[in-house]
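Please open the structure in a viewer and keep the selection tool at hand. The stops below proceed element by element.

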Amino acid sequence: MSISIKGITKRFGSFTALDDVSIEVPPGELLALLGPSGSGKTTLLRIISGLEVADSGSIFYQDEEVTKAAVRERNVGFVFQHYALFRHMTVFDNIAFGLKVRGRPKGEIRDRVHQLLRLIQLEGMEKSLPQQLSGGQRQRVALARALAAEPKVLLLDEPFGALDAKVRKELRRWLRRLHDEMHVTSVFVTHDQEEAMEVADRIVVMNHGRIEQDGPPDEVYDKPATPFVLQFLGDVNLFHGRLGHGPGGSEAGAGEVSYVRPHELQILPEAAAGALPVTLSQALTVGPNTRLEFKRTDDGSYVDVELPRSEFHELRGRFPLEPGRTVWLLPRRVTRFAPEDTALDPAAMI
């Protein structure tokens, strides 16, 4: 079941939540709507489901227009951030709820629920109440309930937002495997860049109700279309001017902004063409990676460098790398945008 979103605009008073948004979701695709709070992603999801009505534009499921159709008529599976399970119902009854409302035969309901319990790996827990489950188990039950009536499309609104980091990581990998098995056309909303990159077939990056970029995860990360996308998809150092041109690594090209991610900077013990002189302020090792903060010798601003812990220890074995030490940073890769494209949005740093 494909989804066609055509020219959707939605305003709340004077605030424009969505501004002429169009997206095509092919059958069986898992699409992520990614962006900061207020970007319009949840509003768009609610319009796709029928929970919200657009001011203009249209929504199609395959060739059927559903713009004005009620939620029940659309046969949509919806998974919310906070589970929305019925506390007084068992796991079995929660999953079976939609099927019972539709008047399905008891035998069919029983078979479908047990099939889904196997799918979400909660066999034997059908008599448990929601409060007896972990957060991750509750979200799996919520997903099974959404899938029970075999929806045309599956919509997920920050589905793992209420879970801790370890459980989130486990569940998003499980969701990716589940999707590969079921191939239900799915759209999920997230503000977590890593989550979108790991789970989705395609990412739509949104900002202020408009689409900044639409493409596969690798393309969006490696070839950002705007400064906003570049900054939103991970940490980045900003250099005003053309980095790496001029004597001693100084910059030229007024008005231009160069962007370099922390892992794309090489640390050198001596000056080199295109390298920038800096002084080490501090080094912090977290797990397998080490993050180093350097202070520029020219303007006093700070630059972050990230490298594997083993590489950091290797560098320290070759030359002193302690706070106060002057070294040179050479970018392996620089991303630049024309001056008219470099207006930065503080929301990109959220």
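Select strand S4, residues 56-61, together with S5: the two pair in the antiparallel sense over 2 bridges. In this predicted model, tyrosine 61 is the residue to display here, standing opposite glutamate 64 in S5.

Next, extend the selection to the sheet around this pair. It is an open sheet of 4 strands in the order S2-S1-S4-S5, and its pairing is antiparallel. Its edges are formed by strand S2 (15-25) and strand S5 (64-65), each of which pairs on one side only. Helix H1, residues 41-49, packs on this sheet and touches S1, S2 and S4. The direction of H1 makes about 120 degrees with that of S1.

Remain on S1 and select isoleucine 8, which belongs to this strand (residues 3-12). Is isoleucine 8 buried or exposed? Its relative accessibility is 0%, so isoleucine 8 counts as buried. Leaving aside residues up to four places away in sequence, isoleucine 8 touches a set of residues that includes Leu18, Asp19, Asp20 and Val21. Leu44, Ile47, Ala54 and Ile59 are also among the residues touched by isoleucine 8. For a distance to display, choose the C-alpha atoms of isoleucine 8 and alanine 54: they are separated by 6.4 Å, although the two residues lie 46 residues apart along the chain.

Now return to H1 and colour the helix by accessibility. Why is H1 described as largely enclosed by the rest of the structure? The reason is that 7 of its 9 residues are buried. The buried positions of H1 are Lys41, Thr43, Leu44, Leu45, Ile47, Ile48 and Ser49. Just after the helix, select glycine 50, which follows H1 and has a positive phi near 100 degrees.

The next selection is another sheet. This open sheet has 6 strands in the order S6-S7-S8-S3-S9-S10, with mixed pairing. Strand S6 (76-79) and strand S10 (210-215) are its edge strands, each pairing on one side only. On average, neighbouring strands of this sheet are turned by 15 degrees against each other, direction ignored. Within it, display strand S3 (residues 30-34) beside strand S8 (residues 185-190); they pair in the parallel sense over 5 bridges. Leucine 31 has valine 187 in S8 as its bridge partner. H1 packs on this sheet as well, touching S3, S6, strand S7 (153-157), S8 and strand S9 (202-207). The direction of H1 makes about 150 degrees with that of S7.

Add H5 to the view: this helix lies across S6 and S7 and runs at about 170 degrees to S6.

The final stop is a pair of helices. Two packed helices are described by the angle between their axes and the distance between the axes. Select helix H5 (residues 135-148) and helix H6 (residues 165-182), which pack at an angle of about 25 degrees with their axes 11 Å apart. That angle makes H5 roughly parallel to H6, the cut-off for this class being under 35 degrees. The crossing in which H5 passes H6 is right-handed. To inspect the contact, show Gly136, Gln139, Arg140, Leu143 and Leu147 on H5, and Val167, Leu171, Trp174, Leu175, Leu178 and Met182 on H6. Coloured by class, the contact of H5 with H6 has 8 nonpolar, 2 polar and 1 charged residues.

Note on methods. Residues numbered from 1 in each chain as written. Predicted model: local features only at pLDDT ≥ 70, side-chain atom pairs only at ≥ 80, totals over all residues. Heavy atoms only, no water. Buried < 20%, exposed > 50% of the residue type's maximum accessible area, 1.4 Å probe, protein only. Contact = heavy atoms within 4.5 Å. Pairing = 2+ DSSP bridges. Axes fitted to C-alpha atoms, helices over the stretch in contact; angles between N-to-C directions. Parallel < 35°, antiparallel > 145°, perpendicular 65-115°, else oblique. Left-handed = near helix turned anticlockwise from the far one by under 90°. Nonpolar A, V, L, I, M, F, W, Y, C, P; charged D, E, K, R; others polar.
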